[in-house]
Amino acid sequence: MNIIEVMRLPLSVDLSGFVHLLQRLKLPHRVSEEGDEQVLWAPDSLAADVRELYQRFPDGNADVQLAQAPVGADSSAIAPTQPSLADQAKACKVTATILVLCLVVAGLTSLGDNLNAISWFTFLDFRVQGEYLHFTPLAQGLAEGQWWRLVSPMLLHFGVLHLAMNGMWYWELGKRIELRQGPWLLLGLTLLFSLVSNLAQHYTSGPSLFGGLSGVLYGLLGHVWLYQWLAPNPHFNLPKGVLVMMLIWLVICLTGVVGQLGFGQIANAAHVGGLLIGCLTGLLGGALARRKLSA
């Protein structure tokens, strides 16, 4: 199954109702923004049916049973279907690639137990002397060309639960952004949020070991939250309670309770830094999208 371009429409056209109809029908699709246009993508086997659906119900105001059998369409071709994980991964290549890289690094580092392997991905290079780690200063590492360290800690995870939770939330938030704003925007945001959260953690805690996607996750959360507030879109609708839950978790971590309970130290500065830069990109992106829609 190949994902192809079905329609290309101006940003001023409100596709939210039609997208909601496709969601009710459980038809695989995604919408991306390219310049002043929005592009609707769908599997090649359903492209003709989706076009005909739009011709009949552009605002999405249709009874689902009626919409399931467009004129001239094979009713079996447009029966409700849940896109498989493989189909979702094909439509969200950047999201899937980042998660695969996290899995690979988890294997190489034995989920944080292999210090020699970890040293390739940490924010600062280090050497082990007895029971102590001696870190290379940031300026020295950058002078030696180790620029990848500014973002590579996001691939490090320390334990199965750490990897599983971060992977689950990156999948949920990352694919929403990739489906609406495209793969390159998601990649850029991921690298930006990683950079800012890593710098925030480094300058707050000093030379130390830290890693994980959580700083990036809070950035994605802030981006989706404020972008959706300014320019609502079905792709950015988060399940009820997600925002509140993650913000409450952030506050709990800031109190230090998690560390005192023996769950390890939390990179709070990375979380806060990621959330702030994500809110900023969400405000800017949402304001720009809202301006285009009203133009």
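This is a short talk on the fold, one helix, one hairpin, two loop residues and the largest pocket of the structure above.

The model is predicted, so please hear every value as computed from that prediction. I'll start with the overall picture. The protein has 13 helices and 5 strands. It has 295 residues, and buried ones make up 48% of them. If you take contacts between residues at least 6 apart in sequence, 73% of these join residues at least 24 apart.

Next, helix α5, which covers residues 93-108. I picked two of its residues, Thr95 and Ile98. Is Thr95 buried or exposed? Thr95 counts as buried, because its relative accessibility is 0%, and the cut-off for that class is under 20%. What does Thr95 touch, once neighbours within four places in sequence are left aside? The list is Tyr170, Trp171, Gly174, Lys175, Glu178 and Leu186. Helix α8 runs over 160-181, so you can place most of that list yourselves by number.Ile98 sits in the helix as well. At 6% relative accessibility, Ile98 is also classed as buried. With neighbours within four places in sequence set aside, the contacts of Ile98 are Met154, Leu155, Tyr170 and Leu213. Tyr170 is thus on the list for Ile98 and on the list for Thr95. How far apart are Ile98 and Trp171? In sequence they are separated by 73 residues, and in space by 9.3 Å from C-alpha to C-alpha.

Now the loop between α5 and α6, where α6 is 115-118. Two residues there deserve a look at their backbone angles. Most residues other than glycine have a negative phi. Ser110, in this loop, has a positive phi near 55°. Leu111, found in the loop too, is not a glycine either, and its phi is positive at about 55°. On accessibility, Ser110 is partly exposed because its relative accessible area is 40%. Leu111 is partly exposed at 22%.

On to the strands. Strand β2, residues 30-34, pairs with strand β3, residues 37-43, in the antiparallel sense, over 5 bridges. Within that pairing, Ser32 stands opposite Val39. How many residues lie between the strands of this hairpin? There are 2. Gly35 in the hairpin has a positive phi, near 65°.

A word on cysteines. A disulfide is a covalent bond between the sulfur atoms of two cysteines. Searching the whole structure turns up 0 disulfides. Two of the cysteines can be described by burial: Cys102 counts as buried at 1% relative accessibility, and Cys279 is buried with a relative accessible area of 13%.

Last, the largest pocket. Rolling a probe the size of a water molecule over the atoms shows where empty space is left. The volume of the largest pocket is about 930 Å³. Its lining consists of 27 residues, and those nearest the centre are His162, Asn166, Trp249, Ile266 and His271. Which elements give two or more residues to that lining? They are α8 (160-181), α10 (214-230) and α11 (242-255). The largest share, 6 residues, comes from α8. By class, the lining has 17 nonpolar and 10 polar residues, and no charged ones.

That is the end of the talk.

Technical notes
Residues are numbered from 1 along each chain as its sequence is written. This is a predicted model: local features need pLDDT of at least 70, side-chain atom pairs count only at pLDDT 80 or more; totals for chains, interfaces and linings use all residues. Side-chain values use heavy atoms; hydrogens and water are left out. Helices (H or I, at least four residues) and strands (E, at least two) are DSSP runs, numbered from the N terminus. Buried means under 20% relative accessible area, exposed over 50%, partly exposed in between (1.4 Å probe, protein chains only). Contact means heavy atoms within 4.5 Å. On a 1 Å grid over the protein atoms alone, a cavity is a set of points where a 1.4 Å probe fits but cannot get out, and a pocket is an open set with protein on both sides within 12 Å along at least five of seven lines; lining residues have an atom within 4 Å of a point. Grid points are joined across faces, edges and corners, and a volume is the space filled by probe spheres set on the points. Ala, Val, Leu, Ile, Met, Phe, Trp, Tyr, Cys and Pro count as nonpolar, Asp, Glu, Lys and Arg as charged, and the others, Gly among them, as polar. Two strands pair if DSSP finds at least two bridges between them. A disulfide is a pair of cysteine sulfur atoms within 2.5 Å.
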